[in-house]
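Work through the exercises below with the sequence and the 3D structure side by side. Try each task before reading its solution.

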Amino acid sequence: MALRCRSVAAQVLRPAILAPVLATSAIVAISGAYAMRVSPMVVEMTTRGSGATARVEIQNLNSGALPFETRITRIDYDDKGVMTETPADGDFLVFPPQGVLPAGARQVVRLQWVGDTNLPASRGYYLSVNQLPVSLAPGQASTGAQVQVVYHMKALITVAPPNASPKVEVVTAKPVSIVPKAPPALPGAPAAASAPAVPGIELVVRNVGTRYAMMAGEAWTIEGTGADGKPAKVVLSGDALGRAIGVGYLAPLGGLRTFQIPTDTAFQGSVKVRFGE
């Protein structure tokens, strides 16, 4: 079963892979926090030609200066969706790799692929944009402990050889009960109570093509027998898939992943899943 590849909007990505990471250094008073925007959040590149270069814009949204630096890591997933990041700055030229943005300013960061131009299949990377801590203003240190909120944001960078394409196969699909994950608690706050289990499916897919697949980029149609013994059908797309699996990045050349997707409708027995309209 072939799956077309399509970028997913930034609002789909944030809950799953692009949430800012907050770093704090002390607890008592909070210094003015900074915020930034990175756009686009998904960048598709090729190993050669005009597509081997790309642009990412960083914007400072707050009233103070924003010092930042960039880092690139290669990403790989195991079949359970556990991600491993490996430093890979040498695969790209990034300019500028660091800088300081005045309040409200924007900076375009240029990416140039300098890795292997003859890759057999696509690869996935993160471009991390890391806000750097700043020195406190004179006199601030004497007013008590301070906390600086520092943002780290990640854009997904994909690099593929020309004419590469994904080919996704369904390995298994079965009904399951899913316990929703509680949102992470803030430091010092009590953990959120566990939510009750909801009906869903567990889907194992394999990509035997030469290009990554974004599993949230196409609608999923799920068909089977409902709990009442009658035929049941659920179509998932857009925000529903994004909340459950993010972009659903699936590596090429046999990449295998397991997804658990809430369906609201309870199925029994076997289920069938197809992608696309």
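The exercises deal with confidence, single residues, nonpolar cores and strand pairing in this predicted model.

**Exercise 1. Find out how far the model can be trusted, and where it should not be read in detail.**

Step 1. Start with the whole chain: its mean pLDDT is 82, and 78% of the residues reach 70 or more.
Step 2. Now look at residues 1–34, where the pLDDT is below 50. This stretch still has 91 contacts in the model beyond near neighbours in sequence.
Step 3. Where pLDDT is low, the predicted coordinates should not be read in detail.

**Exercise 2. Decide for Thr73 and for Thr86: buried, partly exposed or exposed?**

Step 1. Locate the residues. Thr73 lies in strand S5, and Thr86 in strand S6, which covers residues 83–87.
Step 2. Apply the cut-off: buried means under 20% relative accessible area, and exposed means over 50%.
Step 3. Thr73 has a relative accessible area of 14%, so Thr73 is buried. Thr86 has 38%, so Thr86 counts as partly exposed.
Step 4. Check how the two residues lie to each other. They are 13 residues apart in sequence, while their C-alpha atoms are 5.1 Å apart in space.
Step 5. List the surroundings, leaving out residues up to four places away in sequence. Thr86 touches Ile72, Thr73 and Arg74. The contacts of Thr73 include Glu85, Thr86 and Pro87. With Glu85, Thr73 also forms a side-chain polar contact of 2.6 Å.

**Exercise 3. Describe the setting of Tyr125 in strand S10.**

Step 1. The relative accessible area of Tyr125 is 0%, so this residue is buried.
Step 2. Leaving aside neighbours within four places in sequence, its contacts include Ile72, Thr73, Phe92, Trp113 and Ile157.
Step 3. Look for a polar partner: the side chains of Tyr125 and Asp91 are joined by a polar contact of 2.7 Å.
Step 4. Compare sequence and space. Leu156 is 31 residues from Tyr125 along the chain, and their C-alpha atoms are separated by 6.0 Å.

**Exercise 4. Which residues have the most contacts inside the largest nonpolar core, and which strand gives the most to this core?**

Step 1. In soluble globular proteins, nonpolar side chains tend to be buried together.
Step 2. The largest nonpolar core here has 29 residues. Those with the most contacts inside it are Met45, Ile72, Phe92, Leu111, Trp113, Tyr125 and Ile157.
Step 3. Strands that each supply at least two residues of this core include S5 (66–77), S7 (92–95), S9 (106–113) and S12 (152–160). S12 gives the most, with four residues.
Step 4. Apart from this core lies another, of 22 residues, among them Ala213, Ala216, Leu236 and Phe267.
Step 5. Take Ile157 as an example: among the residues it touches are Val43, Met45, Phe92, Leu111 and Tyr125.

**Exercise 5. Work out the faces of S7 and its pairing with S9.**

Step 1. Phe92 and Val94 are on the covered face of S7, and Leu93 and Phe95 on the uncovered one.
Step 2. S7 and S9 run antiparallel and are joined by four bridges. Phe92 stands opposite Trp113 in S9.

**Exercise 6. Give the strand order of the open sheet of three strands, and explain why its edge strands have a free side.**

Step 1. The order is S17-S16-S20, with antiparallel pairing.
Step 2. S17 (231–236) and S20 (267–275) each have a single partner strand, so one side of each is left without a neighbour in the sheet.
Step 3. From one strand to the next, the twist averages 20°.
Step 4. S16 (residues 220–226) pairs with S20 over seven bridges. One bridge partner in S20 is Arg274, which belongs to Thr221.

How values were computed
Residues are numbered from 1 along each chain as its sequence is written. This is a predicted model: local features need pLDDT of at least 70, side-chain atom pairs count only at pLDDT 80 or more; totals for chains, interfaces and linings use all residues. Side-chain values use heavy atoms; hydrogens and water are left out. Buried means under 20% relative accessible area, exposed over 50%, partly exposed in between (1.4 Å probe, protein chains only). Contact means heavy atoms within 4.5 Å. A nonpolar core is a set of buried Ala, Val, Leu, Ile, Met, Phe, Trp, Tyr and Cys residues joined through side-chain atoms within 4.5 Å. Two strands pair if DSSP finds at least two bridges between them. Axes are lines fitted to C-alpha atoms, for helices over the stretch in contact, and angles run from 0 to 180 degrees between N-to-C directions. pLDDT is the predictor's confidence in each residue, from 0 to 100. A polar contact is a pair of N or O atoms within 3.5 Å; within protein, one must be able to donate a hydrogen and the other to accept it, and residues adjacent in sequence count only if both atoms are side-chain atoms.
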